[in-house]
Amino acid sequence: MSIEPDAGMTVLLTGLPSAGKTTLATATITRLRGLGVAAESLDGDEVRRMLWPELGMSRADRERNLARVTVVARMLARNGVTAVISAIAPFETARRTMREEHTGFGVPFVEVHVATPLTECRRRDVKG
């Protein structure tokens, strides 16, 4: 897939906690900006803490968080910004909804599963 500097899209980096999603998002944003592409990172934990701290970690709240992040990402992408979401996104239904929300508006959406072994995620985990 080629990237047009003025065309927005959303990339979802999903996987286990401590899989490296945020690290990959940061590297991706740096690379895209170096290519002249407007890009913004939407980290699931950071967005939750800063924009809607009332959400807990129940399935319903996790899905609400992803739905809200989806709206923000879609708005950015519709305006020429590549939005890179790094979120656990454990439920296939939520990921499918994210994809449908984008494609329904003609906004490209790419889902990338960051497949890190569980033992490595446990080793990296700073949250316990």
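Begin by selecting Pro17, Lys21, Asp45, Ile88 and Lys127, which lie nearest the centre of the largest pocket, a pocket whose lining comprises 24 residues. Keep in mind while you move through the scene that this is a predicted model. If you then display a surface for the pocket, the volume to have in mind is about 500 Å³.

Next, colour the lining by residue character, and it divides into nine nonpolar, eight polar and seven charged residues. To see which helices contribute to this lining, select helix 1 (21–34), helix 2 (44–51) and helix 3 (59–78), each of which supplies at least two of its residues.

Keep helix 3 selected and add helix 4, which spans residues 92–103. Two packed helices are described by the angle between their axes and the distance between the axes. For helix 3 and helix 4, the axes come within 10 Å and cross at roughly 20°. Angles under 35 degrees count as roughly parallel, and helix 3 and helix 4 are therefore roughly parallel to each other. The crossing of these two helices, helix 3 and helix 4, is right-handed.

From here, turn to the backbone and look at two loop residues, Ser18 and Ala89. Most residues other than glycine have a negative phi. Select Ser18 in the loop between strand 1 (9–14) and helix 1; although Ser18 is not a glycine, its phi is positive, at about 65°. The relative accessibility of Ser18 is 22%, so Ser18 counts as partly exposed.

Then move to Ala89, which sits in the loop between strand 3 (82–86) and helix 4. Ala89 is again a residue other than glycine with a positive phi, in this case about 45°. Is Ala89 buried or exposed? Its relative accessible area is 4%, and since buried means under 20%, Ala89 is buried.

For the last stop, select Asp125, in the segment that follows helix 5 (118–124). With a relative accessible area of 32%, Asp125 is partly exposed. If you also select Glu40 and draw a C-alpha to C-alpha distance between Asp125 and Glu40, the separation in space is 25 Å, while in sequence these two residues are 85 residues apart.

Conventions:
Residues numbered from 1 in each chain as written. Predicted model: local features only at pLDDT ≥ 70, side-chain atom pairs only at ≥ 80, totals over all residues. Heavy atoms only, no water. 1 Å grid on protein atoms, 1.4 Å probe; cavity = no way out; pocket = protein on both sides within 12 Å on 5 of 7 lines; lining within 4 Å. Points joined across faces, edges and corners; volume = space filled by probe spheres on them. Helix = DSSP H or I, 4+ residues; strand = E, 2+ residues; numbered from the N terminus. Nonpolar A, V, L, I, M, F, W, Y, C, P; charged D, E, K, R; others polar. Buried < 20%, exposed > 50% of the residue type's maximum accessible area, 1.4 Å probe, protein only. Axes fitted to C-alpha atoms, helices over the stretch in contact; angles between N-to-C directions. Parallel < 35°, antiparallel > 145°, perpendicular 65-115°, else oblique. Left-handed = near helix turned anticlockwise from the far one by under 90°.
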